[in-house]
Amino acid sequence: MSHRQPVRVPERHQFDALIDARSPAEFELDHIPGSINCPVLSNAERAEIGTIYKQVSPFEAKRLGAAYVSANLARHLRETFADKPANWKPLVYCWRGGLRSGSMVTWLRLVGWDAQQLAGGYKAFRGHVIAQLESLVPQLQMRVLCGATGSAKTRVLHALAQRGEQVLDLEGYASHKGSLLGGLPGIEQPSQKRFETLIAEQLESFDLSRPVYLEGESAKIGRVGLPLVLVQHLHKAAVIEVRATEAARLSYLLRDYAYLGDDPEVLATKLGWLKELQGKETVSRWQQWAREGELPALFEELMARHYDPHYERSQSNHFEQWPRRQILETDQLSDEAIAGLAQQIIAMQAR
């Protein structure tokens, strides 16, 4: 069995498995990509021990904790780790690289596996994510895709990715389309930390000598915020504008947001948030249309009165290279047209 050296975050790929020994709630909030959750304490057990530690004594908390940990470890040994060969080499982490991962590593090593502990635990990984964002973002050759609401920018990004281009799909990681109505039905947004982990993981895979395409997002997508360093560099990057006709955009929005018609009340509630900006009368009319399933009329007015008036102004305020942008015009946003836009973008970059 190899001598135990402290294992650092960049060495995590040298192991057969990455095991997160924290509670399911901590794992859900964020975890190291590729890790599996084998909690040594359940959510309830962790809460109970925390209370005993504060209200009774650290000794009592440790004694009960040890009982829970050994019962949970026994279950993992019988179930999760039952089929692992003798030469299996897992890396285990908890919050700070302390007792929870330490106790699991001790038992796995007693069995005979070459288990190691991640120095500093998840906390060290979190530091690594922040450092990666700070160091990699400034090196990206960003191409920012802009376009009024309904210009199919996200779909153009997906088409670029299918053609082998490097894409940072921020709305994909945020599980949100970025606009007022951008929440996805039945899908929770990730935590802020999870969002940043997903971005950092993607950045680590990029070839920094090639362009990276992303959308011109505002500083927040739903309730997650873009890392500050990303906002700063996004605003300095080269801009490509997709300029689609109103008819093409309306037809695309009706396809892309068709699911909003499934729950008229939820849609009407979201529209209510616009009362300050648009006035009661207008918003009441929009809510009426939402309840009657009149999406074409609703989207047409939302574009004309809410989205478009701010578009040009906000782009020129935010993107330094807006006056020098490359413009792609289209009167179609069908699948074929979107593929065509992606091809044009690739050709433009090759020139």
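Start with the enclosed spaces: this predicted model has two cavities of 30 Å³ or more.

**Stop 1: the largest cavity**

Select Thr-149, Ser-179, Leu-181, Leu-253, Tyr-257, Phe-299, Leu-302, Met-303 and Tyr-307, and you have the lining of the largest cavity on screen. The space inside is about 70 Å³. Try colouring your selection by residue class: seven of the lining residues are nonpolar and two are polar, while none is charged. Which helix gives the most to this lining? Colour residues 295-318 to find out: that is helix H14, and four of the lining residues belong to it. Keep H14 coloured, as you'll need it again.

**Stop 2: the second largest cavity**

Now clear the selection and pick Arg-12, Pro-33, Phe-125, His-128, Val-129, Thr-197, Ala-200, Glu-201 and Glu-204, which line the second largest cavity. Two helices, H5 (121-136) and H8 (192-204), are the elements that give two or more residues here. H8 has the largest share, with four residues. The volume of the second largest cavity is about 50 Å³.

Colour by class again. In this lining you'll find four nonpolar residues, two polar ones and three charged ones. Next, colour by domain, with domain 1 as 9-129 and domain 2 as 140-348. Each of the two domains supplies at least three residues to the lining of the second largest cavity.

**Stop 3: the largest pocket**

Time to move from cavities to pockets. The largest pocket has a volume of about 1100 Å³. It has 45 lining residues, so don't try to click through them one by one; go for Thr-149, Lys-153, Lys-177, Gly-178 and Ser-179, which are the closest to the centre of the pocket. Two of these names should look familiar: Thr-149 and Ser-179 also line the largest cavity.

To see what surrounds the pocket, show strand S5 (141-146) together with helices H6 (153-162), H7 (170-174), H9 (228-236), H10 (246-256) and H14. Those are the elements that give two or more residues to the lining. Which of them has the largest share? Look at H14 once more: seven lining residues of the largest pocket come from this helix. By class, the lining of the largest pocket holds 18 nonpolar, 19 polar and eight charged residues.

**Stop 4: the second largest pocket**

Select Leu-41, Ile-49, Gly-98, Leu-99 and Arg-100 and centre the view on them. You're now at the second largest pocket, where these five lie nearest the centre among 18 lining residues. About 650 Å³ of space lies in there.

Show helices H2 (43-55), H3 (58-78) and H4 (99-111), each of which supplies at least two residues of the lining. H3 provides the largest share, with five residues. Colour by class, and the lining of this second largest pocket splits into nine nonpolar, five polar and four charged residues.

**Stop 5: how helices pack**

Two packed helices are described by the angle between their axes and the distance between the axes. Stay where you are and keep just H3 and H4 on display. Their axes are 11 Å apart, and the packing angle is about 45°. How are they placed relative to each other? An angle like that makes H3 and H4 oblique, because it falls outside the ranges for roughly parallel, roughly perpendicular and roughly antiparallel. Their crossing is right-handed.

Now swing over to H14 and add helix H13 (residues 280-292). Here the axes are 9 Å apart and the angle is about 150°. Angles over 145 degrees count as roughly antiparallel, and H13 and H14 are therefore roughly antiparallel to each other. Is the crossing of H13 and H14 left-handed or right-handed? Turn the view and check: the crossing is left-handed.

For the last selection, keep H13 and bring in helix H11 (residues 264-272). The axes of H11 and H13 come within 8 Å and cross at roughly 165°. H11 and H13 are therefore roughly antiparallel to each other too. As for handedness, H11 passes H13 in a right-handed crossing.

Key:
Residues are numbered from 1 along each chain as its sequence is written. This is a predicted model: local features need pLDDT of at least 70, side-chain atom pairs count only at pLDDT 80 or more; totals for chains, interfaces and linings use all residues. Side-chain values use heavy atoms; hydrogens and water are left out. On a 1 Å grid over the protein atoms alone, a cavity is a set of points where a 1.4 Å probe fits but cannot get out, and a pocket is an open set with protein on both sides within 12 Å along at least five of seven lines; lining residues have an atom within 4 Å of a point. Grid points are joined across faces, edges and corners, and a volume is the space filled by probe spheres set on the points. Ala, Val, Leu, Ile, Met, Phe, Trp, Tyr, Cys and Pro count as nonpolar, Asp, Glu, Lys and Arg as charged, and the others, Gly among them, as polar. Domain bounds come from an automatic or database domain assignment. Axes are lines fitted to C-alpha atoms, for helices over the stretch in contact, and angles run from 0 to 180 degrees between N-to-C directions. Angles under 35 degrees count as roughly parallel, over 145 as roughly antiparallel, 65 to 115 as roughly perpendicular and the rest as oblique. A crossing is left-handed if the near helix is turned anticlockwise from the far one by less than a right angle, and right-handed if clockwise.
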